[in-house]
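Q: Before we go through this model, could you set each value against the definition that it rests on?

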Amino acid sequence: MENISYDQTGKINLNGIYNRDEPVSYFSALSRLGYRIPQEAKPRFESLIEARRRSTQSEAIKVIDLGCSYGVNGALLKHGLSMDDLYERYAAGPDNAGALLARDRDLYAEPADACLEMVGVDPAVRAVSYAVDAGMLDAGITTNLEAGDPKAKDVAALENADLIISTGCVGYVTETSLERLLETSIESKPWMAHFVLRMFDFGAPEDMLSSHGYVTEKVEGLFPQRRFASSEEQEHVLGNLDQLDIDASGAEATGWYFAELHVSRPQEITQSVPLDRILRSDAFQPA
Ligand SMILES: C[S@@+](CC[C@H](N)C(=O)[O-])C[C@H]1O[C@@H](n2cnc3c(N)ncnc32)[C@H](O)[C@@H]1O
């Protein structure tokens with residue numbers, strides 16, 4: 001990758017591809033890095049969606065995807081696609097944004113799971129707008145919830161959520177956004193599931209959720225997120241992990257970022273429906 005710059009956490013800065021008129025640069029850069037955390041997340045999110053449906057006894061379910069970008073989790077969960085499908089789809093196709101959008105509207109016209117309502121949250125206005133126009137998302141809001149409360153029209157899109165998810169987003173967001181989302185759905189008591197890189201501590205979100213009567217459980221195992229973009233990036237991250245006393249051998253030392261899955265649910269449901277009954281534990285275990 002040319003012209004690599006790094007953010008304050010040591011990760012390469014990808015801001016240049018997060019908010020373009022169409023998703024081609026996003027998928028092409030991430031495919032070169034082997035980005036696969038939404039794919040790892042997919043079967044876990046699907047199990048949580050099915051469990052939540054059983055719990056509410058309703059097929060209709062509203063999922064909020066924080067840091068949704070171009071609706072990646074929407075494409076996987078609502079339309080049944082894989083990351084490889086998306087990488088292939090955006091490596092080919094018309095090279096002007098209008099024609100690409102027209103193609104995508106056709107491709108996303110008939111969702112595999114029509115009872116699943118996907119609402120995205122991301123300040124990347126162009127990405128969210130593309131995802132909603134194309135049909136990967138049912139709705140999107142672009143208010144930065146780190147900086148301020150959702151506006152009245154945002155609340156209408158967000159309220160009564162069943163499940164709040166994220167991939168590759170904690171680090172950009174904190175417990176501030178999570179609490180604002182929770183407060184818009186205080187009646188429906190949404191569950192949460194966040195895939196979080198090991199160098200980001202989930203302690204503050206866990207404490208905030210606990211103050212709302214939620215219990216957070218970390219699922220056993222590690223989930224590969226993407227390859228490091230450079231040896232400098234790997235060194236930065238190994239340094240961060242070392243400072244946190246996290247052993248990177250057999251994991252980040254092999255050249256990949258790894259994430260953990262944190263699932264938060266109201267305390268009463270964690271007792272009546274144990275998490276290991278919902279999720280199979282077949283995640284990667286470092287040697
Ligand atoms: C690595 S991408 C992950 C996108 C998508 N979830 C995926 O897995 O493909 C990180 C996303 O976080 C978004 N982001 C950055 N700051 C944010 C904020 N304050 N609130 C919500 N999303 C944010 C970026 O715009 C970007 O779309």
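A: A disulfide is a pair of cysteine sulfur atoms within 2.5 Å. This is a predicted model, in which local features need pLDDT of at least 70 and side-chain atom pairs count only at pLDDT 80 or more, while totals for chains, interfaces and linings use all residues. Residues are numbered from 1 along each chain as its sequence is written, and side-chain values use heavy atoms, with hydrogens and water left out.

Q: Why is cysteine 68 not counted as bonded to cysteine 169?
A: The sulfur of cysteine 68 lies 8.8 Å from its closest cysteine sulfur, that of cysteine 169, which is too far for a bond, because a disulfide needs the two sulfur atoms within the cut-off. Across the whole structure the search finds zero disulfides.

Q: What makes cysteine 68 buried or exposed?
A: Buried means under 20% relative accessible area, exposed over 50%, and partly exposed in between, with a 1.4 Å probe and protein chains only. Cysteine 68 has a relative accessible area of 1%, so it is called buried, and cysteine 169, with 6%, is therefore buried as well.

Q: Why is aspartate 104 called buried?
A: Its relative accessible area is 0%, so aspartate 104 is buried.

Q: What is aspartate 104 in contact with?
A: Contact means heavy atoms within 4.5 Å; leaving aside neighbours within four places in sequence, aspartate 104 is in contact with Tyr90, Tyr130 and Ala134. On the same terms, leucine 86 is in contact with Phe27, Val72, Ala75, Leu76, Leu81 and Tyr108.
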